[in-house]
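User: I should like to understand the reasoning behind the terms applied to this structure. Please set each value against its criterion.

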Amino acid sequence: MPTFTHLNEKNEVHMVDVTPKPDVPREATASGRIYLRPETLKAIAEGTVVKGNVLATAQVAGTMAVKQTWALIPMCHPIPVGAVTVSFVQTGEYIEISCRVKTFGKTGIEMEALTGASVALLTIWDMVKSAEKDENGQYPVTRIEGVHVVEKIKGDAE
């Protein structure tokens, strides 16, 4: 049976006490994909989306989300964010986002990486949703998939 650390002995929700843990370097990378119509992907690549530079906006949104994770997820600790990298790979079917986050502290940073990747993906959707809708206002192609932790490192990776 797995141990759920956000439940105490009375089965009450609580924030885990990390104060006795040592500060160590930590990093996490999360990724996910957004599938879009070929015409939308072309407009993003050519920089012709009416709302502006989609990937630059998603990069800023992902970075901002990383820094606000503690305010969004109830039992997440506010931790110092040392670095955030949001990058993209675009194909003819989708855009894949990778969000890498680093800290030096007592607890992991994978929730921040997941939040950054997720918000960057949602920002792309928001910026192109008018081009993605069909005649009924639905999104037959648009979908976000596969948001996951790619890697988590605790301590010196060297």
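**Reasoning from values to terms**

Analyst: The model is a predicted one. A suitable starting point is C76, which is placed in the loop between α2 (54-72) and β2 (83-90).

User: Why is C76 called buried?

Analyst: Buried means under 20% relative accessible area. The value for C76 is 10%, so the residue is buried.

User: Which residues is C76 in contact with, once its neighbours within four places in sequence are left aside?

Analyst: They are M15, T69, W70, M111 and E112. Of these, M111 lies in helix α3 (residues 110-132). With sequence neighbours within four places again left aside, M111 has contacts with T69, I73 and C76.

User: Why is M111 described as partly exposed?

Analyst: The term applies between the limits of 20% and 50%. M111 has a relative accessible area of 32%, and is therefore partly exposed.

User: Where does UniProt place the feature "binding site"?

Analyst: The unreviewed UniProt entry gives M75, C76, H77, M111 and E112.

User: What makes these residues gather at one spot, given that they span 38 residues in sequence?

Analyst: No two of their C-alpha atoms are more than 12.5 Å apart, so they gather at one spot despite that span. In addition, M75, C76, H77, M111 and E112 are part of the lining of the largest pocket.

User: What makes the pair of W125 and Y139 edge-to-face?

Analyst: Ring centres must lie within 6.5 Å to pair, and planes over 60 degrees apart count as edge-to-face. For W125 and Y139 the centres are 5.3 Å apart and the angle between the planes is 65°, which satisfies both conditions. W125 belongs to helix α3, while Y139 is in the loop between α3 and β4 (143-154), 14 residues away. By this rule there are 2 aromatic pairs in the count.

User: Why do W125 and Y139 count as partly exposed?

Analyst: W125 has 22% relative accessibility, which is not under the 20% limit for buried, so W125 counts as partly exposed. Y139, at 26%, is therefore partly exposed by the same rule.

User: How do you know that the charged end of R143 sits over the ring of Y35?

Analyst: The distance limit is 6 Å from the ring centre, with an angle within 35 degrees of the ring normal. The charged end of R143 is 4.0 Å from the centre of the Y35 ring, and it is listed as sitting over that ring.

User: Which members of the largest nonpolar core touch the most other members?

Analyst: Among its 26 residues, these are L36, I44, V54, I95, I97 and I124. Helix α3 gives the most to this core, with 8 residues.

Methods: Residues are numbered from 1 along each chain as its sequence is written. This is a predicted model: local features need pLDDT of at least 70, side-chain atom pairs count only at pLDDT 80 or more; totals for chains, interfaces and linings use all residues. Side-chain values use heavy atoms; hydrogens and water are left out. UniProt positions are given in the numbering used here, feature names are shortened, and annotations may be inferred rather than shown by experiment. On a 1 Å grid over the protein atoms alone, a cavity is a set of points where a 1.4 Å probe fits but cannot get out, and a pocket is an open set with protein on both sides within 12 Å along at least five of seven lines; lining residues have an atom within 4 Å of a point. Helices (H or I, at least four residues) and strands (E, at least two) are DSSP runs, numbered from the N terminus. Buried means under 20% relative accessible area, exposed over 50%, partly exposed in between (1.4 Å probe, protein chains only). Contact means heavy atoms within 4.5 Å. A nonpolar core is a set of buried Ala, Val, Leu, Ile, Met, Phe, Trp, Tyr and Cys residues joined through side-chain atoms within 4.5 Å. Rings of Phe, Tyr and Trp (its six-membered ring) pair if their centres lie within 6.5 Å; planes under 30 degrees apart count as stacked, over 60 as edge-to-face and the rest as tilted.
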